[in-house]
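Visitor: Got a minute to walk me through this one? I'd like the packing details.

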Amino acid sequence: MVRKEPRVENVDEKDIQVKPPKEWAAGIPAVYHSLKPAIEHMGVKRALDATFKMNQKDGFDCPSCAWPDPSHRSKFEYCEEGVKAVTWEATPVVISSEFWAEHSISELLGRTEYWLGMQGRLTEPVYKPAGADHYHPVSWDEAFRIVADKLNSLDSPHEAAFYTSGRTSNEAAFLYQLLVRGFGTNNLPDCSNMCHESSGWGMGQTIGIGKATVTYDDFGKADLIILMGQNPGTNHPRMLTALEECKRNGGSIAAVNPLPEAGMRRYKNPQKVRGIAGKGTELADQFLQIRLGGDMALLQAISKRVFEAEERNPGSVLDHDFLEMHCEGLADLKDHLLQLDDATVVEATGLPIEQINELADRYLKADKVIITWAMGITQQKKGVATIKEIINLLLLRGNIGKPGAGASPIRGHSNVQGDRTMGIWEQMPPAFLDALGKEFNFDPPRDHGVDAVDTFYGMQEGRIKFFMALGGNLISAISDTQFAETAMQKTDMSVQISIKLNRSHLITGQEALILPTKGRTEQDIQESGPQFVSVEDTVCNVHASHGNLKPVSDNLLSEPAIVSRLGALVVGDKIDADWAGYEKNYDLIRDHIARVVEGCDNYNERVRHEGGFVLPNGPRDSRTFHTPTGKAVLTVNDLEVVERPEGTLILQSLRSHDQWNTTIYGHNDRYRGIRGGRHVLFMNPDDIMELGLQDGRYVDIHGVHHDDVERVLRKFRVVSYPTPRGCVAAYYPEANVLVPMDHVAEGSNTPVSKTVLVRVERNLDPEHEQVEDFKTRTPA
């Protein structure tokens, strides 16, 4: 495919525009802001071919979020974020061979993530020798030889770490973990380590499974849905349709979040007349603007009120039959929570006691309750304990294992849950390893490997010398940017299997390779014919994904093909694996999955059924719990209020509306009223006044931590915004520099990006003293 010139906006953040945040989401603007760039970047035919095959039964799975597909879907079962993701992936713009000679790595490091992504698709392997400042193209055979020689020269397999992005298919993920374990290590960090690892730990220890206990249809059946720490309008917009269905069926919604997001207020469904010509649907019946880190206190307060209501009306509040038959720990939890002091709760949450009581009343009146959450909960120091409190509250009234009720962690990347099911985890259970060893006639390593955070400590200390990533942009995604970059540069070699250029290609080991791969939108034809892959969504549904677009280059290999060829060179016949056969026919991979992965029996046949199949889930299906005692565990968790020393604020990082994880689609955040910039700090107007700052002026943001490392973001624009007092927000990944590598959630080791102590000071550069053309406005 002939390279077209990339369209790259020259964004000058001096021209940033700030307007009041929106009070509704989607509608005609969402259609316009998705299809306009798609047609501009891909052309009409390619854009429509992609859009109308996304999330369809004979099409491809959306490469952005993992929100499930309804059984009765329409041709328009896509959202703005999904179309942006497809536009970014399926662009016909490609990077030429000359690009690598024209641009040094040093020069590219001065470019933004947006500029890098806009250069187009990667189409040929490139190699950076030790000491060089340029990549240069190499053949596929040479690239594979370089990687295999380095791996086979290591003193120990544990000197290598193999990362996985949630965009990776089940087939590629299964092969990847087989390669890694066949090589001899469990060093399999993945993106779950940084997002929902806390969910896996909290749910696994209480109900025996770290996955949602609801189906898509349960959202429409719920009497009450409590959304916590999430922004569906931007991060998983198709969820708004399910929330609308709940409201239309008589249910209510309570939103718990530090910021009043448009998608939690009102939804204009562009597939409905009322969403186009009318006012849409009011979603949140109650909004609780919680202080950062206060969610655990709120949940404990609601559970306490459930116990108090039971004391007032014995036998009529708690689900005694369910608790007696299926749960343990009730008495200890009751004793603990009845001692909870409401003054402490008010301090921790920043909420009036009346709002807390109102939410408790809603919960007590509802027979079927879903609690759903995302990274606003998991990326707290007490994230695991907070999720255990979610489970406590649900269990008290039997809200697990019945229609319209349950726990619902909302996964981010489209197949992050499927990757974990396929074995992408540094500490897979013995049963999986036993089955894997039996299937391939070898003894898999048993020692736990390193997660994402420990990978960087291993690099820094010289224990990890080789790093490979199957997708993703880990350098930009991980916390403590300066520490992470220094650690990566200490490795001997880094290898990235990627679709487009990103910062992780520029912060490298001494040697580095980029291996280009096909996207999920593209046709995949191998020796045995057209291939498809499969994914698992956030409610455990496994389904096929068929790419339909012509690949942007004939030189691209699929992810399964890349992993298969590496497996043949690195592992070879050390295990009973048909590496060459896997590339030719993905059915062979799925046959192995069927025999190794629990719940995947007869995989090849079932995944070809319309809509795929749902994996078994004990709590959801039969109220069975795979815990040591076979019962769900009500847990006692000590409350810890996030302290804010005088002169400091609590920062959370978040995405803009024009990005997906570290991928930046543009410089606007339409729903929050930001246009033309990302270097902003959202602050409560009273905090701005108290600190002697001004809306629109430049400030420096200093991290406050126990070590002596200076972490600072300079020249960020203050934006007066309806945040809770003492709480501020900045965009991710820019704010990652403020999050120390050891600032992690207890138990899960997930970076804590939602409760970071900072100090905000005026930027003293005289050049920045006067700010022109900045429109201040009163927060909504």
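Guide: Sure. Let's begin with a strand pairing: Ser498 of strand 15 has Pro516 in strand 16 as its bridge partner. Keep in mind that this is a predicted model.

Visitor: How many bridges link strand 15 and strand 16?
Guide: Six, and the pairing is parallel. Strand 16 covers residues 511–516.

Visitor: What about strand 14 and strand 15, how many bridges there?
Guide: Five, again in the parallel sense. Strand 14 spans residues 466–470. Leu470 has Ile497 in strand 15 as its bridge partner.

Visitor: Is strand 15 enclosed or open, and why?
Guide: Largely enclosed by the rest of the structure, because six of its six residues, 493–498, are buried. The cut-off for buried is under 20% relative accessible area.

Visitor: Which residues sit on which side of strand 15?
Guide: Met493, Val495 and Ile497 are on one side. Ser494, Gln496 and Ser498 are on the other. Both faces are covered. In a regular strand, side chains alternate between the two faces of the sheet.

Visitor: New topic. What is the strand order in the five-strand sheet?
Guide: 10-7-6-12-13, in an open sheet with parallel pairing. Strand 10 (286–288) and strand 13 (406–409) are at the edges; each has a single partner strand, so one side of each lacks a neighbour in the sheet. From one strand to the next, the twist averages 15°.

Visitor: Which helix packs on that sheet?
Guide: Helix 20, residues 383–396. Helix 20 touches strand 6, strand 12 and strand 13. The direction of helix 20 makes about 170° with that of strand 12.

Visitor: And what joins strand 7 to strand 10?
Guide: Three bridges, in the parallel sense. Among the partners, Val256 is matched with Leu288 in strand 10.

Visitor: On to helices. How do helix 7 and helix 26 cross?
Guide: At roughly 50°, with axes that come within 9 Å. The two helices are therefore oblique to each other. Their crossing is right-handed.

Visitor: What kinds of residues make up that contact between helix 7 and helix 26?
Guide: Nine nonpolar, one polar and two charged. Helix 7 contributes residues including Trp140, Phe144 and Leu151. Helix 26 brings Ile562, Arg565 and Leu566, among others.

Visitor: Last one: is Val306 buried or exposed?
Guide: Buried, with a relative accessible area of 1%. Val306 belongs to helix 14. Outside its neighbours within four places in sequence, the contacts of Val306 include Val317, Tyr363, Leu364 and Arg397. Val306 and Leu364 are 58 residues apart along the chain, yet their C-alpha atoms are separated by 7.0 Å.

Notes:
Residues numbered from 1 in each chain as written. Predicted model: local features only at pLDDT ≥ 70, side-chain atom pairs only at ≥ 80, totals over all residues. Heavy atoms only, no water. Axes fitted to C-alpha atoms, helices over the stretch in contact; angles between N-to-C directions. Helix = DSSP H or I, 4+ residues; strand = E, 2+ residues; numbered from the N terminus. Parallel < 35°, antiparallel > 145°, perpendicular 65-115°, else oblique. Left-handed = near helix turned anticlockwise from the far one by under 90°. Contact = heavy atoms within 4.5 Å. Nonpolar A, V, L, I, M, F, W, Y, C, P; charged D, E, K, R; others polar. Buried < 20%, exposed > 50% of the residue type's maximum accessible area, 1.4 Å probe, protein only. Pairing = 2+ DSSP bridges.
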